[in-house]
Amino acid sequence: MTIFERAKLSDTRDHFVHSRKKLMKYNEEEFKDMSCYVLSDTCVNDLERLESGDYFLDYPQYRLIAKNSNNQKRAVYSFLGNQASITKLLMFSMRSYESIYSDRLFSFRSDKTGKDLLNELHINKKTISECYILKADVTNYVSSIVPDIIISMLEKVMLPQDEKFFDFLKWMLTRNKVIDKDGKVIDHCPGGLGGIPLGNFFMNLYLHEIDDYYAGRAEFYSRYSDDILICSRSPDEIKEFERFFYKTLDSLQLKTNKEKTQIINPGGAFDILGMTIEGERVSISEHSMIKIKRKIRRFTEQARMCFERGRCSREDAAHMLIVRYNQFFFGLLEQGKKLSWARWAFPVITDTESLSEIDHYFQNSLRYVLYGSITKKRRYKINYDKLSSLGYKSLVYYYHHQDKIETVPRI
């Protein structure tokens with residue numbers, strides 16, 4: 001069955017809508033619009049238009065968004081409205097192609113997630129701590145994907161069985177025009193279309209040669225998009241692995257992020273998926289800590305403004321901050337047990353130092369919302385019991401009482 005044929009099936013579209021609802025990434029009106037379109041005959045007709053070669057999609061929207069606190073930016077492409085929905089549906093329908101992925105690839109697939117990678121790192125932490133590690137990261141990965149190269153890869157995996165979908169993907173990759181922030185059509189090569197769901201498939205496929213090589217040779221190997229971990233007990237073998245790695249990247253016209261690519265001696269520290277692993281010790285990485293604190297500052301400012309504009313009392317603003325904080329770390333109630341930061345992180349973190357740092361930072365933010373700018377001496381007179389009476393409990397508490405996560409106040 002071809003991808004277009006699968007996407008047109010009512011079962012596929014029903015399952016897609018159900019999966020979107022579980023992710024909770026739409027507001028009520030957006031979800032209603034998306035589901036009405038995807039389940040309609042209009043969507044089926046649009047799929048048939050694309051299948052016949054009537055490529056009606058607009059040029060993708062092109063934006064540069066902040067990547068981190070150092071003012072680095074990354075290119076993101078997107079479609080709007082129904083065109084966004086139909087490209088997401090097509091990516092959802094491509095799950096049959098996941099069989100071509102290496103078992104050591106953990107990104108953008110339905111049967112594995114980043115949580116599975118963290119669990120693997122946890123299970124194998126002793127082995128990894130005894131190995132030399134090539135920790136690698138590709139610079140501007142998705143934007144650096146070369147259309148001609150990825151098209152040749154698509155040809156090998158899709159032809160002759162799905163020529164029409166191959167032709168559609170080839171068209172998507174070779175348009176070389178986008179709509180900028182001012183609404184103007186400009187000449188621009190979007191690489192692997194980062195931000196558009198189909199781009200996730202390109203990112204998984206583009207480094208498949210690296211996956212296949214190391215999965216059968218390295219003591220431990222994993223890849224999450226462009227975040228790569230290669231382990232060996234031999235210093236000579238890790239050098240051999242490094243030579244092959246750079247040779248393959250050169251053939252794909254990719255470059256490494258020099259700050260994030262290095263050979264690490266046994267027991268040395270490295271970052272992966274927001275965690276720092278040093279020997280058998282696992283904690284929140286410095287980069288993740290910066291992002292988490294930035295998020296807390298934004299939540300705090302929103303709560304403070306709510307009070308200052310007379311919309312609520314200080315205690316109500318503090319309660320709102322606690323709820324936002326809990327939703328961020330523990331997920332929304334409707335998302336179930338698996339879709340939360342805590343469910344990913346707590347099982348692999350081995351000490352509470354980094355969690356304590358977040359707790360102290362948030363507690364001071366909470367005191368600020370409750371009492372405004374106050375001296376350090378007075379701030380600590382607002383004790384934990386007062387904060388707890390508002391429904392707050394620390395991450396360290398829930399780390400040691402993970403069975404109580406479902407009781408966290410999130411409304």
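User: What makes two rings count as an aromatic pair, and how many aromatic pairs does the structure hold?

Analyst: Rings of Phe, Tyr and Trp pair if their centres lie within 6.5 Å. By that criterion, this predicted model holds 31 aromatic pairs.

User: Which arrangement do the rings of Tyr-213 and Phe-244 adopt, and why?

Analyst: Planes under 30 degrees apart count as stacked. The ring centres of Tyr-213 and Phe-244 are 3.7 Å apart and their planes lie at 15 degrees, so this pair is stacked. Because Tyr-213 belongs to helix H12 (residues 208-215) and Phe-244 to helix H13 (residues 235-251), the pair ties together parts 31 residues apart in sequence.

User: Are Tyr-213 and Phe-244 buried or exposed?

Analyst: Tyr-213 and Phe-244 are both buried.

User: Which residues do ring pairs link into a cluster?

Analyst: The cluster includes Phe-299, Tyr-325, Trp-341, Phe-362 and Tyr-397. Tyr-397 also has a charged neighbour: Lys-393 lies over its face, 5.7 Å from the ring centre.

User: Where does Arg-104 lie with respect to Phe-220?

Analyst: Arg-104 is placed over the face of Phe-220, at 5.1 Å from the ring centre.

User: How should the cavity be read, and which residues line it?

Analyst: A cavity is a space where a 1.4 Å probe fits but cannot get out. The structure holds one cavity of 30 Å³ or more, and the largest cavity contains about 50 Å³ of space. Its lining consists of Leu-118, Leu-121, His-122, Lys-125, Met-275, Ile-277, Val-282 and Val-348. Of these residues, six are nonpolar, one is polar and one is charged.

User: Which helix gives the most to that lining?

Analyst: H6 does, with three residues. Helix H6 (114-123) and strand S10 (275-278) each supply at least two lining residues.

Key: Residues numbered from 1 in each chain as written. Predicted model: local features only at pLDDT ≥ 70, side-chain atom pairs only at ≥ 80, totals over all residues. Heavy atoms only, no water. 1 Å grid on protein atoms, 1.4 Å probe; cavity = no way out; pocket = protein on both sides within 12 Å on 5 of 7 lines; lining within 4 Å. Points joined across faces, edges and corners; volume = space filled by probe spheres on them. Helix = DSSP H or I, 4+ residues; strand = E, 2+ residues; numbered from the N terminus. Nonpolar A, V, L, I, M, F, W, Y, C, P; charged D, E, K, R; others polar. Phe/Tyr/Trp six-rings, centres within 6.5 Å; stacked < 30°, edge-to-face > 60°. Buried < 20%, exposed > 50% of the residue type's maximum accessible area, 1.4 Å probe, protein only. Lys NZ or Arg CZ within 6 Å of the ring centre and 35° of its normal.
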